[in-house]
Amino acid sequence: MNLKKKNLTPAQYLVSGYFVIIMLGSLLLMLPVATTDGQGLGAVDAVFTATSATCVTGLIVVNTKEAFTIFGSTVIMFLIQIGGLGIMSMSTLFAFIVGKKISLKERLIIQEDLNQYQISGMVRLVQYLLGFTFAIEGTAAAILFLRLSQDYPFWKSVYLSIFHAVSAFNNAGFDLFGNSLENFTGDLTINIVIMALIILGGIGFGVMMEAYNRVKFKKTTLQTKIVIVMTLVLLVFGFISFFILEYNNTLAGLPLLDKTLGAMFLSVTPRTAGFNTVPTGALKQSSLFLIIVLMFIGASPGSTGGGIKTTTFGVILVTMKNMITGKEDMEIYNRRFEKQIVYKAFTITMLAAGLVILVTTLLLIIEDFRFIDALFETVSAFGTVGLSTGITGQLSDISRVLITITMFAGRVGPLTLAVAIGEKQRKGTYHYPTEKVMVG
């Protein structure tokens, strides 16, 4: 990791790193050995698929099971792992292997990549991150193997177990069954393991580290408190809503346990996972819109997921509450956070909303899709979710490029991308006079 050659900001290094990995992945997927037809993917489809994997999204323009060889699907799996853990985490792992020290500049980029608010303890966090990841994925793969070995040959069960453990923990949504997990709607083992992987991968490694160190909830950081509460609220709200909305629709005719599992999975998968146990295209429009909201919020900072993040949404809710109640300080759990955090939260949300509106509008101009389908596809791409109502394969080349850009922006973060493209932050040496502006 030679980071001294050019005077780039951490955000620019990060964006460049993801871009390079995507390009390398695209070239590998274009090789004849990568696809079952022996011709390799076309350039647009290769870049789309590599971006979807590296940005842990899961949107596909070709069926992963049918289109790719073992080599091709393995390339996708490695891209998922790199994208989920983060470019700098994988670079740090390589540095550990060769015995190289991590410089201050590299620690700053790790901080940006993992979305942490302080630089101290970055290397230690990466060590925990790698340990948690491989331990959780390994345990889940072993459990999945015990279940899948009942239906598939030994070595195929091994590969399927590893691939789906990596895909689920990194919230990617790629599958090798051909129709996601629709064959396992009522399978208790598959559902519980995949949901557990999605939730663990989406809560953030900082939260997992505090849980590992057995820190009591009252003594956890404010970020951990917000993440845990928001995650539980969104999961419970989603479960109850989907159970009611889809009871006589996609869940109709299923036993009560299967209905419950189906509603639970519908609540968990918009946390940027992308797997589905019921046909997404068959969901009611009310359910699709609710999923759009959950996908836009997404996972938590420092996790494998996307979206604006649960903490961003939490900060906005706290700000709204305090504004309504007339409090000047942004207070929660006997703590307060700086107004700079509020500005950042609203900036991220507005940039994300602006990107979604722009891309959705362009899709509606270019393609002949329903509004709900175009909006769903765009938010799924931005939130690096991977759910689709079935229109991904129908996208024209220009629309695929738009979705590719959206996935990339969603993975690196709209604010990080804006900072990387824009100039370095500068503090003014003087301040203009203040003047009031009427709003609302």
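**Reasoning from values to terms**

Tutor: In this predicted model, the side chain of Thr-35 comes to 2.8 Å from the backbone nitrogen of Gly-40. Thr-35 also has a polar contact of 2.7 Å with the side chain of Asp-37.

Student: What makes the approach of Thr-35 to the backbone nitrogen of Gly-40 a polar contact?

Tutor: The distance is 2.8 Å, and the cut-off for a pair of N or O atoms that can donate and accept a hydrogen is 3.5 Å, so the pair qualifies.

Student: Why is Thr-35 called buried or exposed?

Tutor: Its relative accessible area is 4%. Buried means under 20%, so Thr-35 is buried. Thr-35 lies in the loop between helix H1 (10-29) and helix H2 (43-54). Beyond its neighbours within four places in sequence, its contacts are Leu-29, Gly-40, Leu-41, Ala-67, Phe-68 and Thr-69.

Student: How do you know whether Thr-277 is buried?

Tutor: Thr-277 has 4% relative accessibility and the limit is 20%, so Thr-277 is buried. It belongs to the loop between helix H12 (256-268) and helix H13 (285-297). With residues up to four places away left out, Thr-277 touches Leu-181, Glu-182, Thr-185, Asn-191, Gly-262 and Phe-265.

Student: How many aromatic pairs does a search of the whole structure find?

Tutor: The search finds 8.

Student: Why is the pair of Phe-239 and Phe-243 called stacked, tilted or edge-to-face?

Tutor: The ring centres are 5.9 Å apart, within the 6.5 Å limit, so the two rings pair. Their planes meet at 40°, which is neither under 30 nor over 60 degrees, and the pair is therefore tilted. In helix H11 (residues 222-245) these residues are 4 apart, so about one helical turn separates them.

Student: What makes Phe-239 partly exposed?

Tutor: Its relative accessibility is 26%, which lies between the 20% and 50% limits, so the term applies. Phe-243, at 21%, is likewise partly exposed.

Student: What name does the pair of Phe-243 and Tyr-247 receive, and why?

Tutor: The centres are 5.4 Å apart and the planes stand at 65°; an angle over 60 degrees makes the pair edge-to-face. Tyr-247 has 32% relative accessibility and is partly exposed. Lys-259 lies over the face of Tyr-247, 4.1 Å from the ring centre.

Student: How do you know that the charged end of Lys-225 sits over the ring of Phe-217?

Tutor: It is 5.8 Å from the ring centre, and the limit is 6 Å, together with a position within 35 degrees of the ring normal.

Student: What is the span of helix H14 (residues 310-325), and what is it set against?

Tutor: H14 has 16 residues and reaches 22 Å from its first C-alpha to its last, close to the expected 22 Å. Among its buried residues are Val-315, Ile-316 and Val-318. The buried residues of H14 pack against H11, H13, strand S1 (330-332), strand S2 (335-337) and helix H15 (339-366). Gly-326 follows H14 with a positive phi, near 85°.

Student: Which residues have the most contacts inside the largest nonpolar core?

Tutor: They are Ile-194 and Ile-403, in a core of 104 residues. Helix H7 (residues 122-148) gives the largest share, 10 residues. A second, separate core has 7 residues, including Ile-316, Met-330, Val-342 and Ala-345.

Student: Why might nonpolar side chains be found together?

Tutor: In soluble globular proteins, such side chains tend to be buried together.

Technical notes
Residues are numbered from 1 along each chain as its sequence is written. This is a predicted model: local features need pLDDT of at least 70, side-chain atom pairs count only at pLDDT 80 or more; totals for chains, interfaces and linings use all residues. Side-chain values use heavy atoms; hydrogens and water are left out. Rings of Phe, Tyr and Trp (its six-membered ring) pair if their centres lie within 6.5 Å; planes under 30 degrees apart count as stacked, over 60 as edge-to-face and the rest as tilted. Helices (H or I, at least four residues) and strands (E, at least two) are DSSP runs, numbered from the N terminus. Buried means under 20% relative accessible area, exposed over 50%, partly exposed in between (1.4 Å probe, protein chains only). Contact means heavy atoms within 4.5 Å. The expected span of a helix is 1.5 Å times one less than its number of residues. A nonpolar core is a set of buried Ala, Val, Leu, Ile, Met, Phe, Trp, Tyr and Cys residues joined through side-chain atoms within 4.5 Å.
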